[in-house]
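Q: I have a model open on the screen and would like to go through it. Could we look at it together?

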Amino acid sequence: MNSGVKSAAFLLSDLEPGASGVGDYATMLCEALDNEGVATKLISIRDQSPEYLEEPTGNKVRIPSAWSDAKRRQKLEEIFNAFKPDWVSLQYSAYGVSTNGMAAEIKHWLPHLPATTHRHIMFHETWVGASPQAPLKHRVIGWFQRRSLQQFLAWFTPSCVHSHASVYRALIERKLGINCNFLPLFSNLPINKETISDDRDSLINHRLGLASDRRRSEWVVGIFGSIFPEWNPAEVLSRLIKLGKEHAREIHLVGIGRHGAGAVEALKVIQEDFSESMKFTELGPVSPSEASQLIAGLDYSIAMTPLEVFGKSSSARTVREHGIPLIVPRAETPLWKRLGVTEPDDALIIPLDDRFEKGVIETRREIPRWTRTDVARRLIGDLSESV
């Protein structure tokens, strides 16, 4: 049991369940911290709720985005005075905690903290336009965002800083001059006993109408969560179908969960261009327990997030912790090379390059394992060592 961190208040943009990946992550992380003896309070400072909401336990507070900075600041002062957290953790994304992506704006609503309260930042994003390939407009905006972030950091003086993506960590250390520790994401779906049973294929076989021995003749390939509008389905599906034919396997693509507005064009391409060469089933939104069992029964999954920022994708991390091989697009941009960032060292990642065919044939599923408790303990350890 933890002895170094007694209490922590987490500041983030929104706590509407399912509406914010950061909100869902922080909620589940705080549950794990509570189990480790850390008293936590979640506070959304620009919530989509039209009115102020506070759970009966007081563990969750939702401050509407419509409130003025002065009103928001006053409420935070009341909360901090009553809760007296050892740590205040800012879950940072540029446009989540400020309206214009300028971090210095946070000073308008975040009250001064006593010297006895330690500060922490988890960078879920940094600033726009960091890549040399970014449009000029984004690079200009990003320059101002970075300057604003430097001003805020000088005021906030964090004792500990984390991020989940290697590129972000490198940017923070080189451009902001502060040490940034690695704190991975974890599956946003709890992994239960049905998920890790020997019969892990049973639910997806049932939902797709497949025989129990289907793995001899089919590869079931999943897409979980959001589909980005820039994704090109043909790039991966044409290679999968060709490889499947060479190994007497039919491709059965299956969609799980909400894919978002960006999926419209990609789904149209799949249905119009690949309907005769493979099967496609859209299962849509399902319960967390069912989603976990369905993912565990996949043979492979297609990730939307490129290797460069692979660590920031909660959907990819969820699939990874379910032990499913992930086909990941490559984006080795000049930024990645310039920062000296290396690829994730993960046996379940299959890059969509010249290693693709060999990776698909040789990569096998692993036993699902939920790392939420490990991540919570790692955070506690890093916070404790930083002061």
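The exchange below covers the sheets, some salt bridges and a few residues.

Q: What kind of model is this, and how are the residues numbered?
A: This is a predicted model, in which local features need pLDDT of at least 70 and side-chain atom pairs count only at pLDDT 80 or more, while totals for chains, interfaces and linings use all residues. Residues are numbered from 1 along each chain as its sequence is written, and side-chain values use heavy atoms, with hydrogens and water left out.

Q: Let us begin with the sheet of eight strands. What is the strand order?
A: The order in this open sheet is β3-β4-β2-β1-β5-β6-β7-β8, and the pairing is mixed. Strands are DSSP runs of E with at least two residues, helices are runs of H or I with at least four, and both are numbered from the N terminus. Two strands pair if DSSP finds at least two bridges between them.

Q: Which strands stand at the edges?
A: Those are β3 (53-54) and β8; each has a single partner strand, so one side of each is left without a neighbour in the sheet.

Q: How do β5 and β6 pair?
A: Strand β5 (residues 87-92) runs parallel to strand β6 (residues 118-123), with six bridges between them. Within this pair, V88 stands opposite R119 in β6.

Q: Which strands does α2 touch?
A: Helix α2 packs on the sheet and touches β1 (7-12), β2 (39-47), β4 (60-64) and β5, where contact means heavy atoms within 4.5 Å. The direction of α2 makes about 175° with that of β2. Axes are lines fitted to C-alpha atoms, for helices over the stretch in contact, and angles run from 0 to 180 degrees between N-to-C directions.

Q: And which strands does α4 touch?
A: Helix α4 packs on the sheet against β5 and β6, and its direction makes about 155° with that of β6.

Q: While we are at α4, which residues make the nonpolar surface patch?
A: L136, V140, W143 and F144 make a patch of about 410 Å². Patches are made of residues with over 30% relative accessible area and no salt bridge; like charges are joined within 9 Å, and nonpolar side chains (Val, Leu, Ile, Met, Phe, Trp, Tyr) within 5 Å. Accessible areas come from the Shrake-Rupley method with a 1.4 Å probe, and for residues only the protein chains shown count as cover. F144 belongs to helix α4 (residues 136-156).

Q: Why does F144 count as partly exposed?
A: F144 counts as partly exposed because its relative accessibility is 46%. Buried means under 20% relative accessible area, exposed means over 50%, and partly exposed lies in between (1.4 Å probe, protein chains only).

Q: Changing topic, how many salt bridges are there?
A: The count is 24, a salt bridge being a side-chain nitrogen of Lys or Arg within 4 Å of a carboxyl oxygen of Asp or Glu.

Q: What is the partner of E78?
A: E78 pairs with K75, and their closest N and O atoms are 3.1 Å apart. Both residues lie in helix α2 (residues 69-83), three residues apart, about one turn of the helix. E78 is partly exposed at 41% relative accessibility, whereas K75 is buried at 18%.

Q: Where do D201 and R365 lie?
A: These two form a salt bridge with closest N and O atoms 2.8 Å apart. D201 is in the loop between β8 (181-182) and α6 (202-208), and R365 is in the loop between α12 (356-362) and α13 (372-385), so the pair ties together parts that are 164 residues apart in sequence. Both D201 and R365 are buried. They also belong to a network of salt bridges that links D201, R214, R215, D299 and R365.

Q: Now D47: buried or exposed?
A: D47 is buried, with a relative accessible area of 0%. This residue lies in strand β2, and, leaving aside neighbours within four places in sequence, its contacts include S13, D14, R62 and S65.

Q: Finally, what is the order of the sheet of six strands?
A: This open sheet has the order β11-β10-β9-β12-β13-β14, with parallel pairing. β11 (279-284) and β14 (349-351) are the edge strands, each pairing on one side only. From one strand to the next, the twist averages 30°. β9 and strand β10 (residues 250-256) share seven bridges in the parallel sense, and V221 has L253 in β10 as its bridge partner.
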